[in-house]
Amino acid sequence: MSVRVQTADFDVAAALAEMRLASADIGAVVSFIGQVRDINDGDTVNTLTLEHYPQMTERMLASIEKEAQSRWNIVNSLIIHRVGTLKPLDQIVLVAVASAHRGDAFKACEFMMDYLKNQAPFWKKESTPDGERWIEAKTSDTEAQERWQQS
Amino acid sequence: MNIKVLYFARIKESVNYSTEEIALPVDISNINTLKAFLAKRGEIWADLFSGKQVVRAAINHELVDDMMAIHDGDEVAFFPPVTGG
């Protein structure tokens, strides 16, 4: 299990290969990549700036990995999240999970992403032709996390 | 009791700084009473901390609810609902 918070871009192929090749008991790797969109709420997005709370971020992401590991049979997991100023098409986040069988990896990957969205202390501010604005938290993201509490 | 308080994102921009040391009066013992204490600092603070806005709190890097007790030397953080990913 590992967590990286960084300004630099990341190489998904290299990260997944490292995870996959670490152990022959891995039969499945599932990954999610989030990228910056060029339009949000009908407005053009020039840049997206991510602020975070160092120390708490790493701690929260590690606890999300640990929670996923307690719920499913996971061999390994990885979260990479970028901070700083990004532009459309830039990668923001990678969540990857390796397991013996695909079911665990699919579920754990979605779970980790839903929890990250609601609990990890990151905040997005977008720059549009009309100026800068903070992105509001979405109710749909909260609901996505709550699904996992019912099951 | 002395604590360190951190502000993030929209809240940091509103109060215009990111961190401060506060010597708390003895009757401030949890997040709830700390918010009420901060709300008395002026209009900007009242807007943020009197309950009109959702303000999340963390103590020593753990998310906490408003009834969580504060102790000497704690690092308390206030921030809006998170929007990462």
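## A:Glu51 at the chain boundary

Leaving out residues up to four places away in sequence, A:Glu51 touches A:Pro121, A:Phe122, A:Trp123 and A:Trp134 in its own chain, plus B:Phe8, B:Ala9 and B:Lys12 across the boundary. The model is predicted. A:Glu51 sits in strand β5 of chain A. Its relative accessibility is 15%, and the cut-off for buried is under 20%, so A:Glu51 counts as buried.

The side chain of A:Glu51 also reaches a backbone atom of the other chain. One of its polar atoms lies 3.0 Å from the backbone nitrogen of B:Ala9. A:Gln149 is 98 residues away along the chain from A:Glu51, and their C-alpha atoms are separated by 28 Å.

## The interface

Contacts between the chains involve 26 residues of chain A and 20 residues of chain B. The buried area is about 2000 Å². Carbon and sulfur atoms give 56% of that area. On the chain A side, A:Tyr53, A:Trp123 and A:Trp134 lose the most area to chain B. Together they account for 33% of what that side buries.

There are polar links too. Four salt bridges are counted between chain A and chain B. A:Arg59 and B:Glu62 meet through their side chains in a salt bridge, at 2.8 Å from N to O. Polar contact across the interface comprises 15 residue pairs, with both residues at pLDDT 80 or more. On the side of chain A that touches chain B, β5, α2, β8, α3 and β9 each supply at least two residues. The largest share comes from α3(A), with five residues.

## The nonpolar cores

The largest nonpolar core has 40 residues. The residues with the most contacts inside it come from both chains: A:Tyr53, A:Val95, A:Met112, A:Leu116, A:Trp123, B:Phe8 and B:Phe79. Elements giving two or more residues are β5 (47-52), α2 (56-71), β8 (91-99), α3 (102-119) and β9 (122-128) of chain A, together with β5 (75-79) of chain B. With eight residues, α3(A) gives the most to this core.

Another core lies apart from it. This one has 22 residues, including B:Val5, B:Leu24, B:Val76 and B:Phe78.

## Helix α3 of chain A

The helix α3(A) has 18 residues. From first C-alpha to last it reaches 26 Å, close to the 26 Å expected at 1.5 Å a residue. Its buried residues include A:Ala105, A:Ala108, A:Cys109, A:Phe111, A:Met112 and A:Leu116. Polar side chains are also on the buried list, among them A:Asp114 and A:Asn118. The cover over the buried residues of α3(A) includes β2 (28-35), α2, β6 (76-82), β8 and α4 (139-150) of chain A.

What does A:Leu116 contact beyond its neighbours within four places in sequence? Within chain A, A:Leu116 is in contact with A:Leu61, A:Ile64, A:Ile79, A:His81, A:Val93 and A:Val95. In chain B, its contacts are B:Gly84 and B:Gly85.

## A:Ser99 in strand β8

A:Ser99 lies in strand β8 of chain A. Is this residue buried or exposed? A:Ser99 has a relative accessible area of 0%, so it is buried. A polar atom of its side chain lies 2.7 Å from the backbone oxygen of A:His101.

Not counting residues up to four places away in sequence, A:Ser99 touches A:Asp25, A:Ile26, A:Gly27 and A:Ala28. A:Ser99 also touches A:Asn73, A:Ile74 and A:Val75, as well as A:Asp104 and A:Ala105.

How values were computed
Residues are numbered from 1 along each chain as its sequence is written. Chains are lettered from A and ligands numbered from 1 in the order in which they are written. This is a predicted model: local features need pLDDT of at least 70, side-chain atom pairs count only at pLDDT 80 or more; totals for chains, interfaces and linings use all residues. Side-chain values use heavy atoms; hydrogens and water are left out. A nonpolar core is a set of buried Ala, Val, Leu, Ile, Met, Phe, Trp, Tyr and Cys residues joined through side-chain atoms within 4.5 Å. Buried means under 20% relative accessible area, exposed over 50%, partly exposed in between (1.4 Å probe, protein chains only). Helices (H or I, at least four residues) and strands (E, at least two) are DSSP runs, numbered from the N terminus. Contact means heavy atoms within 4.5 Å. The expected span of a helix is 1.5 Å times one less than its number of residues. Buried area is the accessible area (1.4 Å probe) that two parts lose on being put together, summed over both. A polar contact is a pair of N or O atoms within 3.5 Å; within protein, one must be able to donate a hydrogen and the other to accept it, and residues adjacent in sequence count only if both atoms are side-chain atoms.
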